[in-house]
Amino acid sequence: MFPPASSLEALGQFPAALPDGPSPPEAVLDLLDRYGSPATVASNDGRYFGFVVGSTLPAALAANWLAAAWNQNAGLTVLSPVAAHLERLAIRWIRELLGLPEGADGAFVTGTSIANFVGLAAARHAVLDRVGYDVEGKGMSGSPPVTVVVGEEAHVTVVKALSMLGFGRDRVLRVPVDDQGRLRPEAIPPLKPPAIVCLQAGNVNTGAIDPMADIIPQAKEQDAWVHVDGAFGLWAAAARSRRHLIPGVELADSWATDGHKWLNVPYDSGVVLVRSPEFLTAAMSTDPAAYLATVARHEPGQFTPELSRRARGVEAWAAIASLGKSGVDAMIERCCQLAARFADRLRTSGYSILNDVTLNQVLVSFGDDPTTERVISAVQADGTCWCGGTRWHGRAAMRISVSSCATTEEDVDRSLAAILRIAGEGRAEGKPARATRRSGLQ
Ligand SMILES: Cc1ncc(COP(=O)(O)O)c(C=O)c1O
């Protein structure tokens, strides 16, 4: 799962010196395969449960190769009509799958980190424009103060996005959460414009979703912009049997999510959507440059920080075209059911499940912290599957994330057999703890 030490050492075989002259492409590829392939993490495998990492659907992978061979610049329609067209279709399909409002529009970016940044840039524009301040023109130094609310369990990349936008990490209002990491509606103070509320769909540890239906109407009444970080949890809306976990999400103003997590498309593929796209283009469009003057307003490059970028929409389009609505539903539902299968077996084997397993995340403790850490590192060394470690409410936990289209019941059962064997051996032998790779970021 994680490459052996010998493969990591062999990375030293890549010539480090800048080559003086050309080499045949076959020789270059041979080097890549010889020393690169063995040093990869098997995160594409059905038994990789570390981080929230998807695999790749066959159609999405092949579309990615085709798009790379096309080498299209997706920033302008005049540079790639096909990339612009497929991006529009894929964005529309994702909006429909996630049950978001019809007028919402957006674009593909590298991942949810940047999707959060872009959604919050649109938020910054809108809330300051409402109080008569032109933030793109005048900058943040003279701006009226903006109240920004996040839950104490907001993902680190939301706080990073806020700091990149000049809101200041330390000025952000962090609101208490419940035992699953959900923001407590009653803990949000009264808001005065300009204000932004950041909600989360899918806590990176528990999978919990903030109570959107309670918070959003209340925030909107106070004229606040609501942004949802739904890197993976937003996809709950694409499964009929999980949609009830995320009521009211469609009431928000902007949403950030990933294709490379639960849609199982190759890296890097994030999506930003904004209810009123004019706020997005106001935040992202350039001053007219002479050589861009003939470009229409509805251009991919007017929706994202970048001008030139790869044609990410092609593989997202291919993923959804290959699965259809029912296939996406089935993929999300299967991951959730497999997570529940993990939780049930671990619980009946006497181990503590630390979260409510409603989505694709499972947190398990095998006893005291040293014991749990020992099990995690032994599972990682065993190689049947790969699970990461985290801390939840002050306790060490093994984190199992089921996000891959490749995972089957057999994968889960083989992984469970290995985990239970390792945990059982430790119980008998009382082995000491060893360092564990943590997985608190994704
Ligand atoms: C809730 C949440 N938000 C944001 C991110 C960042 O996404 P990315 O790594 O695609 O930038 C993650 C990553 O796991 C996440 O789980």
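**A walk through the predicted model**

This is a predicted model, and its chain averages a pLDDT of 94, with 94% of the residues scoring at least 70.

Visitor: Where does pLDDT stay under 50?

Guide: Have a look at a short stretch that still has 14 contacts beyond four places in sequence in the model. Even with those contacts listed, pLDDT stays under 50 there, over residues 432–436.

Visitor: How far apart are the end C-alpha atoms of helix α5, and what span should its 19 residues give?

Guide: Helix α5 covers residues 112–130, and we count 1.5 Å a residue. That makes the expected span 27 Å, which agrees with the end-to-end C-alpha distance in the model, 26 Å.

Visitor: Is α5 largely enclosed or largely open?

Guide: Buried here means under 20% relative accessible area. In α5, 15 of the 19 residues are buried, so the rest of the structure leaves this helix largely enclosed.

Visitor: Which residue with a positive phi follows α5?

Guide: Once you step off α5, look for a phi near 80°. The residue that has it is G132.

Visitor: How are α3 and α10 oriented relative to each other?

Guide: Packed helices are described by the angle and the distance between their axes. For α3 (residues 58–70) and α10 (residues 312–348), the axes come within 8 Å and cross at roughly 150°. Angles over 145 degrees count as roughly antiparallel. The crossing is right-handed, and the pair is therefore roughly antiparallel.

Visitor: Which residues of α10 do A59, A60, A63, N64, A67 and W70 in α3 meet?

Guide: Residues three or four places apart in an α-helix point the same way, because there are 3.6 residues a turn. On the α3 side you have A59, A60, A63, N64, A67 and W70. Across from them, the α10 residues they meet are V314, E315, A318, A319 and S322.

Visitor: What is the distance between the end C-alpha atoms of α11?

Guide: Helix α11 has 14 residues, 369–382, and at 1.5 Å a residue they should span 20 Å. Its buried residues include V375, I376 and V379, and G383 just after the helix takes a positive phi of about 90°. The end-to-end C-alpha distance agrees with the expected span: 20 Å.

Visitor: Is W235 buried or exposed?

Guide: W235 sits in the loop between β5 (225–229) and β6 (254–258). Beyond its neighbours within four places in sequence, its contacts include I94, L97, L98, W262 and V328. E96, 139 residues away in sequence, is 11 Å from W235, C-alpha to C-alpha. With 0% relative accessibility, W235 counts as buried.

Methods: Residues numbered from 1 in each chain as written. Predicted model: local features only at pLDDT ≥ 70, side-chain atom pairs only at ≥ 80, totals over all residues. Heavy atoms only, no water. pLDDT = per-residue confidence, 0-100. Contact = heavy atoms within 4.5 Å. Helix = DSSP H or I, 4+ residues; strand = E, 2+ residues; numbered from the N terminus. Expected span 1.5 Å × (residues − 1). Buried < 20%, exposed > 50% of the residue type's maximum accessible area, 1.4 Å probe, protein only. Axes fitted to C-alpha atoms, helices over the stretch in contact; angles between N-to-C directions. Parallel < 35°, antiparallel > 145°, perpendicular 65-115°, else oblique. Left-handed = near helix turned anticlockwise from the far one by under 90°.
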